[in-house]
Amino acid sequence: MRIVYGPVASWRLGRSLGVDLLCSKKKICSFDCIYCQLGKTEQLTSRRSSFVSLDQLEMEIKDALAHASMDVITFSGTGEPTLADNMHHAIKIIREFTDIPLAVLTNSSLLHDKDVQSTLKQLDIIVAKLDASDPQIFQQINQPATEITFEQTFEGIKTMRKIFSGKFALQIMFMRENKKHAPRIAELTEDIQPDEIQINTPLRRCDVKPLLKKELDEIEKHFTGLNTISVYRSSRPMTHPLDKTELIERRRMEP
Ligand code: SF4
């Protein structure tokens, strides 16, 4: 499996070249979200580690920059990217070769960690997950590793937002389970004051049914005054992936 893949057509980031620092056939994550299209988390952990070779990353990023066009380079992939403790060095390597904005899609569980904070500060865009407004719904939807709490995750989001000078977006996945919590989630987002709120519902293959467009439109009204984008109203750009076969496989897997 390649560390660098795509570019994928992202409804929120444009043409996004993916960097997967976990790159594992086995799903490794600090959450086991009920809507995850990767299926069940096989290694549920909040312990950070190194999973890929940075020499390999350097080779692949140089190749991708020579052969593909993209708007952004995004740390994402087969689990929670901040679990990779060599992300700091990975960012430095990519910066040596390009000024293209760097982003991360994170589930927010490690944003309280000082090392994760200093790593993510080097990026241009952070897209942080917030699907719950209290510990109970957090457990029900995100099913985190035992040591991860809602309070710590929420405080981590608030701290990261304060210390980060780039674009800070919140991604919220709505489904039947948290639909009625939308007003309270909206109140929490006012505390955070993100640059953007991405309102989503599970449209990719998984065990949870997506909400309808009219339900998402109703939910969006609770976020009045904040800058929202919604999956049903967004278009996707054209892309020319480096490896189409791998991308089809990853589309099934990508969070
Ligand atoms: S959706 Fe993302 S955060 Fe949730 S289990 Fe899947 S990979 Fe992990």
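In the predicted model, Leu 105 stands opposite Val 127 of strand S7, a pairing that belongs to the parallel arrangement of S6 with S7 (residues 125-129), which extends over four bridges. Between these two strands the chain passes through helix H3 (residues 114-120), and the resulting β-α-β crossover is right-handed. Strand S6 (residues 102-106) also pairs in the parallel sense with strand S5 (residues 72-75), over three bridges, and here Ala 103 of S6 is the bridge partner of Thr 74. The connection from S5 to S6 runs through helix H2 (residues 87-97), and this β-α-β crossover is likewise right-handed.

Strand S6 is mostly covered, with five of its five residues buried. In a regular strand the side chains alternate between the two faces of the sheet. Both faces of S6 are covered, with Leu 102, Val 104 and Thr 106 buried on one side and Ala 103 and Leu 105 buried on the other.

The largest nonpolar core comprises 63 residues, of which Leu 21, Ile 126, Val 127, Ala 128, Ile 172 and Phe 174 touch the most other members. Strand S8 (residues 167-173) gives the most to this core, contributing five residues. Leaving aside residues up to four places away in sequence, Val 127 touches Arg 12, Ala 103, Val 104, Leu 105, Ala 169, Gln 171 and Gln 198.

In helix H4 (residues 135-142), Phe 138, Ile 141 and Asn 142 are buried. Viewed down the axis of H4, these buried residues fall within an arc of 80°, and they therefore line one face of the helix. The buried residues of H4 pack against helix H5 (150-163), while Gln 143, just after H4, takes a positive phi of about 40°.

Methods: Residues are numbered from 1 along each chain as its sequence is written. This is a predicted model: local features need pLDDT of at least 70, side-chain atom pairs count only at pLDDT 80 or more; totals for chains, interfaces and linings use all residues. A residue is buried if 20 or more other C-beta atoms lie within 10 Å of its own, exposed if 12 or fewer, and partly exposed in between; C-beta atoms are placed from the backbone. The arc is that of the directions from the helix axis to the C-beta atoms. Two residues are in contact if their C-beta atoms, placed from the backbone, lie within 7 Å. A nonpolar core is a set of buried Ala, Val, Leu, Ile, Met, Phe, Trp, Tyr and Cys residues joined through C-beta atoms within 7 Å. Two strands pair if DSSP finds at least two bridges between them. A crossover is right-handed if, with the strands pointing away from the viewer, the path from the first strand over the helix to the second runs clockwise.
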